[in-house]
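Student: Could you take me on a close look at one part of this model, the packing around a single side chain, and then connect it to the rest of the chain? I would like one continuous walk-through rather than a list.

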Amino acid sequence: MKFKSSDFVFQLFALLGAIILVHAIYVAIIRPNADALIAEQMAREEAGETYIQQRSIYIVMRDYEQEACFVLMLWAMAIMGLKARRGFRERKLLDQALLNVSEGTPILPEDARDLSRPIQALPEEERNFLLPRALLTALQRFGSTRNVAAVSNSVKEVCDTEGDRLDSELAMVRYITWAIPSIGFIGTVRGIGEALAQAHRAVEGDIAGVTVSLGVAFNSTFIALVISIVIMFFTHQLQLMQERLVLDTQNYCDNKLLRFLKVG
């Protein structure tokens, strides 16, 4: 419960921080530059000048849908960064000798309690990591059942449960990855609706409003899809790292503990 509450608080403050940061950048940089460029283009069109219209990144990013997409992107990155940091810390334990067992030395059920003490002496946060939990569960099961097969099953159960938990914790990131293209499509619908509302002006020869509205439609979709691709890449990398952590933990238990177990 402690980790869940701290993760919730972190996600809440990460969302607030993303909103404040992105909105500040939009108010201070993106929208002023975009409005200046649009005003310049409108003035040239009204003056009848012929010019090549430049596609500016400020105009592409200026609308509210794009701002929302960037907020969600930073929020998802913050969530994945927290989980990746925890994953790297858990992986460091795989390089440590948590069990003081010499090569060729059998482990009897009577040794389980002594082998558990160094693991129980770890800091509370590290003790809640996957590897210490798997080792403690295995040693306790071996001491109580004196059955190597039961110990192997207990390790597998702990690793499978952890894999399911890690996968379920990515639900918010997956939701954000789904929501970003949806927001882009909302911008598309809004832009097309505004363009249709100004169709009568286009018939009269004034296509400036229709052009701006269609720009909203296409720009929002473009930004949303690019951001979605980026987030999907990092999501798959994080998921791969978590799956490797679970598999490496299971291999650690097999190589450092299970093969030394002996009954009688």
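Tutor: Let's start with Leu136, which sits in helix H6. Please keep in mind that this is a predicted model. Leu136 has a relative accessibility of 11%, and because the cut-off for buried is under 20%, it counts as buried. If we set aside its neighbours within four places in sequence, Leu136 is in contact with Ser116, Ile119, Gln120 and Arg127. There is also a C-alpha distance to look at here: Leu136 and Leu115 are 8.9 Å apart in space, with their positions 21 residues apart in sequence.

One of those partners, Ile119, is a good next stop. Again leaving out neighbours within four places in sequence, Ile119 is in contact with Leu98, Leu99 and Arg127, and also with Pro132, Leu135, Leu136 and Leu139. Arg127 therefore appears in the contact list of Leu136 as well as in that of Ile119.

Ile119 also leads us to the largest nonpolar core, which has 31 residues. Ile119, Leu131, Leu135 and Leu257 are the residues with the most contacts inside that core. Two or more residues come from each of helix H4 (112–120), helix H6 (130–145), helix H7 (148–169) and helix H10 (208–256). Of these, H6, the helix we started in, gives the most, with eight residues. Another core lies apart from this one; it has 29 residues, including Val22, Ile30, Met73 and Leu170.

Now follow the chain to the segment after H10, where you will find Leu261. Leu261 is buried, at 11% relative accessibility. Not counting residues up to four places away in sequence, Leu261 touches Ile107, Phe142, Val148 and Val151. For a long-range pair, take Leu261 and Asp111: they are 150 residues apart along the chain, yet their C-alpha atoms are separated by 9.8 Å.

That pair fits a chain-wide figure. Among contacts in the protein chain with a separation of 6 or more, 79% are between residues 24 or more positions apart. The secondary structure comes to ten helices and zero strands. Of the 264 residues in the protein chain, 39% are buried.

Helix H8 (residues 171–197) holds another buried residue to inspect, Thr188. Its relative accessibility is 16%, and, with residues up to four places away in sequence left out, Thr188 touches Ala217, Ser220 and Thr221. An unreviewed UniProt entry lists residues 12–30, 175–192 and 212–234 under "transmembrane region". For residues 175–192, the model gives 100% helix and 0% strand, with the end C-alpha atoms 26 Å apart. Residues 12–30 are likewise 100% helix and 0% strand, and their end C-alpha atoms lie 26 Å apart.

For a contrast with the buried residues, turn to helix H1 (residues 2–47), where Phe13 lies. Phe13 is exposed, because its relative accessible area of 57% is over the 50% cut-off. Together with Phe8, Val9, Leu12, Leu16 and Ile19, Phe13 makes a nonpolar surface patch of about 580 Å². As for the surface of the whole protein chain, about 15100 Å² is exposed, and carbon and sulfur atoms supply 62% of it.

Terms used. Residues numbered from 1 in each chain as written. Predicted model: local features only at pLDDT ≥ 70, side-chain atom pairs only at ≥ 80, totals over all residues. Heavy atoms only, no water. Core = buried A, V, L, I, M, F, W, Y, C linked by side-chain atoms within 4.5 Å. Buried < 20%, exposed > 50% of the residue type's maximum accessible area, 1.4 Å probe, protein only. Helix = DSSP H or I, 4+ residues; strand = E, 2+ residues; numbered from the N terminus. Contact = heavy atoms within 4.5 Å. UniProt positions renumbered as here; feature names shortened; annotations may be inferred. Patch = residues over 30% accessible without salt bridge, like charges linked within 9 Å, V, L, I, M, F, W, Y side chains within 5 Å. Areas by Shrake-Rupley, 256 points an atom, 1.4 Å probe, with all protein chains shown as cover. Salt bridge = Lys/Arg side-chain N within 4 Å of Asp/Glu carboxyl O.
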